[in-house]
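This report is a first guide for a reader who has not met this structure before. It begins with one term and then follows the chain through its main elements.

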Amino acid sequence: MLAHATPSTVRHKLQPLVSLTAFPGPRLLVLNNKGGVGKSTITTTLLRQLSADGQTPALVDFDPQGSSIDWAEENGDFWAVDDDPRRERLESMRLRVPANASHVVMDSPANLDPRLLNRLLDYADAIVLPTQVSPMDVRALGRFLPNLLLHPRYRARMPQLGVIANRVSDDSDTELLERFLKPLNLPLLARLPERKPGQSLDTPLWPSLKIWLKG
Ligand SMILES: Nc1ncnc2c1ncn2[C@@H]1O[C@H](COP(=O)(O)OP(=O)(O)OP(=O)(O)O)[C@@H](O)[C@H]1O
Ligand SMILES: [Mg+2]
């Protein structure tokens, strides 16, 4: 099942596929209920940096906006599939990834439908939560995190969970966020600066995540 028949996906057609459920991992979920915090930017940055590291990541875009899948099709030889439940009845047929992909990166929408969150938590081996660092953003994270940490499917599988601070201008910017994360024992995995207009984020993100995933 291909998202769109671009030349790269056609090339990928010859690869053996497995369902997302059967993929041995790691499956990285980029998640935050709040809109516009950088989920798709971080998803695409990860794809780019994984690829530069010689890895072969695949993308599953759960956001009907399709920002990540659009980027993946324009920016390289990535396997990319979206999640359109109308297309085929069986999820295992719809959401397939190359069996030999090194990683699956999953982008997700804002304002999560509870049924979608259930499914995402069944797939995720590790979850990265991008957030901005203003008091308003930290408060929003504070409202979302209990839903996640107490979610039966999160508790059943206990995927790794870490936070990425996005659009940070100064180290002191993250003080409030760090105070909030400390009692929860959640790591701040990276601080990403404001991207310069017209450029992609070149701050190393994958190297930090790679160490965290192994730890
Ligand atoms: N570090 C950054 N520097 C500058 N602009 C950024 C940065 N991160 C994200 N943005 C911009 O902020 C906007 C929202 O980012 P993005 O689409 O990644 O967020 P999102 O969480 O995926 O949003 P949505 O909830 O709508 O899916 C985009 O215009 C993006 O280019
Ligand atoms: Mg997005």
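In what follows, a residue is called buried if 20 or more other C-beta atoms lie within 10 Å of its own, and exposed if 12 or fewer do. The model described here is predicted.

By that criterion helix 2 is mostly covered, since 12 of its 14 residues are buried, and the buried residues are Lys39, Ser40, Thr41, Ile42, Thr43, Thr44, Thr45, Leu46, Leu47, Arg48, Gln49 and Leu50. At 1.5 Å a residue, the 14 residues of this helix should span 20 Å, and the end C-alpha atoms of helix 2 are 20 Å apart, so the two values agree. After helix 2 comes Gly54, whose phi is positive, near 85°.

Helix 2 also takes part in the surroundings of the ligand. Around ligand 1 there are 18 residues, of which the closest are Lys39, Ser40, Thr41, Ala110 and Arg195. Two elements, helix 2 (39–52) and strand 8 (160–168), each give two or more residues to this shell, and the largest share, 3 residues, comes from helix 2. By character, the residues of the shell divide into 5 nonpolar, 8 polar and 5 charged.

The strands form an open sheet of 7 members in the order 4-3-6-2-7-8-9, with parallel pairing. Strand 4 (79–82) and strand 9 (188–193) stand at the edges with a single partner strand each, so that one side of each is left without a neighbour in the sheet. From one strand to the next the twist averages 20°. Strand 8 and strand 9 run parallel and are joined by 4 bridges, and Ala165 has Arg191 in strand 9 as its bridge partner.

Two helices lie across strands of this sheet. Helix 2 lies across strands 2, 3, 6, 7 and 8, running at about 165° to strand 6, while helix 9 (residues 206–214) lies across strands 7, 8 and 9, running at about 175° to strand 9.

Some backbone details fall in loops. A cis peptide bond, with omega about 0°, joins Gly25 and Pro26, and Pro26 lies in the loop between strand 1 (17–19) and strand 2. The table lists two residues that have a positive phi although neither is a glycine.

| Residue | Phi | Loop |
|---|---|---|
| Met158 | about 45° | between helix 7 (152–157) and strand 8 |
| Asn185 | about 60° | between helix 8 (175–181) and strand 9 |

Met158 counts as exposed because it has 7 C-beta neighbours inside 10 Å, and Asn185 is likewise exposed, with 7 other C-beta atoms within 10 Å.

Technical notes
Residues are numbered from 1 along each chain as its sequence is written. Chains are lettered from A and ligands numbered from 1 in the order in which they are written. This is a predicted model: local features need pLDDT of at least 70, side-chain atom pairs count only at pLDDT 80 or more; totals for chains, interfaces and linings use all residues. A residue is near a molecule or strand if its C-beta atom, placed from the backbone, lies within 6 Å of it. Ala, Val, Leu, Ile, Met, Phe, Trp, Tyr, Cys and Pro count as nonpolar, Asp, Glu, Lys and Arg as charged, and the others, Gly among them, as polar. The expected span of a helix is 1.5 Å times one less than its number of residues. Two strands pair if DSSP finds at least two bridges between them. Axes are lines fitted to C-alpha atoms, for helices over the stretch in contact, and angles run from 0 to 180 degrees between N-to-C directions. Two residues are in contact if their C-beta atoms, placed from the backbone, lie within 7 Å.
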